Amino acid sequence: MKIKQLQGIIEAILFAMGDSVEVSKIAAAIEQDVPTTKKIIHNMMDQYEKEGRGIRIIELEDSFQLATKPEMYEYLIRIAKQPKRYVLTDVMLETLSIIAYKQPVTRLEIEKIRGVKSDHAVNKLIEYNLVCEVGRLDAPGRPLLFGTTEEFLRRFSVTSLDELPGIDAEKMETFKEEAEDEVQLKLDI
């Protein structure tokens with residue numbers, strides 16, 4: 001098959017599926033190996049960008065998805081009913097960052113880190129499809145384990161969890177000292 005034909009098939013697959021599609025499944029559909037398929041898709045991504053198209057292909061872990069460019073959003077809401085905008089509170093962002101960096105993590109572990117109950121924040125993050133249940137811990141009570149979703153990657157414009165910023169060692173040491181001072185202050189009272 002010619003490259004243009006393969007690109008057309010890939011475009012049709014991504015358009016029809018709507019959600020992300022694993023590169024291995026695309027490769028099987030077009031009867032190519034995974035590296036060749038990735039190369040074709042990356043060329044399509046470059047071509048879409050160069051042509052200034054209103055759509056783009058995004059990469060999420062080992063999957064690809066056809067998506068609208070963010071700068072086209074204002075035009076879309078002129079046609080469609082304005083979608084509900086979710087607001088992430090500081091509590092929810094704190095909870096989400098704990099889950100993103102520590103996953104898979106139990107609710108109890110989240111609460112130990114935060115120092116307060118986190119049921120509401122976790123439930124809202126699940127409702128917003130940023131967090132999901134990824135299994136159960138093999139421990140008494142079999143508590144649920146939570147992790148981030150593809151929607152999390154999409155919303156925060158990262159292709160994988162490896163792209164999350166690292167934690168600065170100096171800041172971490174400062175936070176640790178502040179926490180120890182706070183504990184000591186409570187013990188002195």
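Begin by selecting Arg-56 and then Ala-67, because in this predicted model Ala-67 is the bridge partner of Arg-56 and belongs to strand 3. Now widen the selection to strand 2 and to strand 3, residues 63–68, and you will find these two strands paired in the antiparallel sense over six bridges. As background, the strands of a sheet pair through backbone hydrogen bonds, in either a parallel or an antiparallel way.

Next, look at the sheet to which this pair belongs: it is an open sheet of three strands in the order 1-3-2, with antiparallel pairing. Strand 1 (21–22) and strand 2 (55–60) stand at the edges with a single partner strand each, so one side of each has no neighbour in the sheet.

Keep the sheet in view and add helix 1, residues 3–17, which lies across strand 1, strand 2 and strand 3 and runs at about 75° to strand 3. Then add helix 3, residues 34–50, which also packs on the sheet, where it touches strand 2 and strand 3, and whose direction makes about 140° with that of strand 2.

From helix 3, move to helix 2, residues 23–30: the axes of these two helices come within 9 Å and cross at roughly 95°, which means that helix 2 is roughly perpendicular to helix 3. To show the contact, select Val-23, Ser-24, Ile-26, Ala-27 and Ile-30 in helix 2, together with Val-34, Thr-37, Lys-38, Ile-40 and Ile-41 in helix 3. Sorted by class, the residues of this contact are seven nonpolar, two polar and one charged.

Now go to another pair, helix 5 (residues 90–102) and helix 6 (residues 107–114), which pack at an angle of about 120° with their axes 10 Å apart. These two helices are therefore oblique to each other, and helix 5 passes helix 6 in a right-handed crossing. Here the residues to select are Val-91, Glu-94, Thr-95, Ile-98, Ile-99 and Lys-102 of helix 5, which meet Ile-110, Ile-113 and Arg-114 of helix 6; five residues of this contact are nonpolar, one is polar and three are charged.

Finish at strand 6, residues 144–148, where four of the five residues are buried, so the strand is largely enclosed by the rest of the structure. Strand 6 pairs with strand 4 (residues 105–106) in the antiparallel sense over two bridges, and it is joined to strand 5 (residues 131–136), again antiparallel, by five bridges. Select Phe-146 as the last stop: this residue of strand 6 is the bridge partner of Val-105 and also the bridge partner of Glu-133.

Conventions. Residues are numbered from 1 along each chain as its sequence is written. This is a predicted model: local features need pLDDT of at least 70, side-chain atom pairs count only at pLDDT 80 or more; totals for chains, interfaces and linings use all residues. Side-chain values use heavy atoms; hydrogens and water are left out. Axes are lines fitted to C-alpha atoms, for helices over the stretch in contact, and angles run from 0 to 180 degrees between N-to-C directions. Angles under 35 degrees count as roughly parallel, over 145 as roughly antiparallel, 65 to 115 as roughly perpendicular and the rest as oblique. A crossing is left-handed if the near helix is turned anticlockwise from the far one by less than a right angle, and right-handed if clockwise. Contact means heavy atoms within 4.5 Å. Ala, Val, Leu, Ile, Met, Phe, Trp, Tyr, Cys and Pro count as nonpolar, Asp, Glu, Lys and Arg as charged, and the others, Gly among them, as polar. Two strands pair if DSSP finds at least two bridges between them. Buried means under 20% relative accessible area, exposed over 50%, partly exposed in between (1.4 Å probe, protein chains only).
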